[in-house]
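Let's take a walk through this structure together, starting from its aromatic rings and working outwards. Keep the 3D view open as you read.

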Amino acid sequence: MAKLTAKQEKYVQGLVAGLSQRQAYRQAYDNSKEWKDRTVDSRASELLKKSDVLGRYDQLMNEHKEKALWTREEAVTTLKWLLNKSMQSIENQDEGYVRQGTSNAIVAAIKELNELELLYPLKQKQVEKIDSEINKDETAEGKLAEYLKVLGDTIDET
């Protein structure tokens with residue numbers, strides 16, 4: 001991989017640190033401070049398309065992933081554990097009765113898993129449809145039942 005210029009490296013470092021392409025470009029290239037946003041956006045996008053710049057970005061992101069304390073895989077594993085334990089609690093200890101805390105845990109875990117697109121990739125419109133179709137004034141048990149019903153209907157549409 002070709003060595004980057006100091007400005008290119010600063011741009012990539014900014015991206016890896018969580019800056020937007022525009023912010024990283026403006027930080028790395030002082031002369032861009034007076035430019036229009038669309039000009040900066042265009043130049044930043046073109047810069048990231050360069051193979052050596054993109055290669056360095058990918059390299060740093062992979063290093064960052066390896067050092068991460070909390071990975072996506074760990075998050076998914078924990079959410080699945082929470083979902084399973086909550087459902088076991090309903091079936092085994094609570095004799096089918098859904099406690100508010102348990103239902104909240106289930107709904108939160110399902111929503112988070114949907115956002116991570118692990119089990120099935122729900123489109124944003126589908127998530128919005130589910131949220132809009134759930135009556136906000138229902139009991140926790142009713143919300144859970146309605147959420148699961150709408151979720152099933154939404155999945156059947158895909």
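Two rings of Phe, Tyr or Trp, the last taken by its six-membered ring, count as a pair if their centres lie within 6.5 Å; planes under 30 degrees apart make the pair stacked, and planes over 60 degrees apart make it edge-to-face. In this predicted model, three aromatic pairs turn up. Take Tyr11 and Tyr25 to begin with: their ring centres are 6.0 Å apart and their planes stand at 80 degrees, so this pair is edge-to-face. Tyr11 belongs to helix α1 (residues 6–16) and Tyr25 to helix α2 (residues 21–28), so the pair ties together parts that are 14 residues apart in sequence. Both of these tyrosines, Tyr11 and Tyr25, are buried.

Now move on from Tyr25 to Tyr29. Here the centres are 4.4 Å apart and the planes of Tyr25 and Tyr29 differ by 20 degrees, so the pair is stacked. Tyr29, like Tyr25, is buried. Follow the ring pairs and you find Tyr11, Tyr25, Tyr29 and Trp35 linked into a cluster. At Trp35 there is also a charged neighbour: Arg43 lies over the face of the ring, 4.5 Å from its centre.

What does the side chain of Ser32 reach? Ser32 sits in the loop between α2 and α3 (37–49), and its side chain reaches the backbone oxygen of Tyr29 at 2.6 Å. With 0% relative accessibility, Ser32 counts as buried. Beyond its neighbours within four places in sequence, Ser32 is in contact with Tyr25, Arg26 and Val40.

Let's return to α1, where Gln8, Tyr11, Val12, Gly14 and Leu15 are buried. These residues span an arc of only 155 degrees around the axis, which puts them on the same side of α1. After this helix comes Gly18, with a positive phi near 110 degrees.

Tyr11 has plenty to show outside its own helix: leaving out residues up to four places away in sequence, its contacts include Gln21, Ala24, Ala44, Leu47 and Val53. That brings us to the largest nonpolar core, which has 14 residues; Tyr11, Val12, Tyr25, Tyr29, Leu47 and Val53 have the most contacts inside it. Each of α1, α2, α3 and α4 (51–67) supplies at least two residues of this core, and the largest share, four residues, comes from α3. There is also a second, separate core of six residues, with Leu83, Ile90, Ile106 and Ile110 among them.

Conventions. Residues are numbered from 1 along each chain as its sequence is written. This is a predicted model: local features need pLDDT of at least 70, side-chain atom pairs count only at pLDDT 80 or more; totals for chains, interfaces and linings use all residues. Side-chain values use heavy atoms; hydrogens and water are left out. Buried means under 20% relative accessible area, exposed over 50%, partly exposed in between (1.4 Å probe, protein chains only). A charge sits over a ring if NZ of Lys or CZ of Arg is within 6 Å of the ring centre and within 35 degrees of the ring normal. A polar contact is a pair of N or O atoms within 3.5 Å; within protein, one must be able to donate a hydrogen and the other to accept it, and residues adjacent in sequence count only if both atoms are side-chain atoms. Contact means heavy atoms within 4.5 Å. The arc is that of the directions from the helix axis to the C-beta atoms. A nonpolar core is a set of buried Ala, Val, Leu, Ile, Met, Phe, Trp, Tyr and Cys residues joined through side-chain atoms within 4.5 Å.
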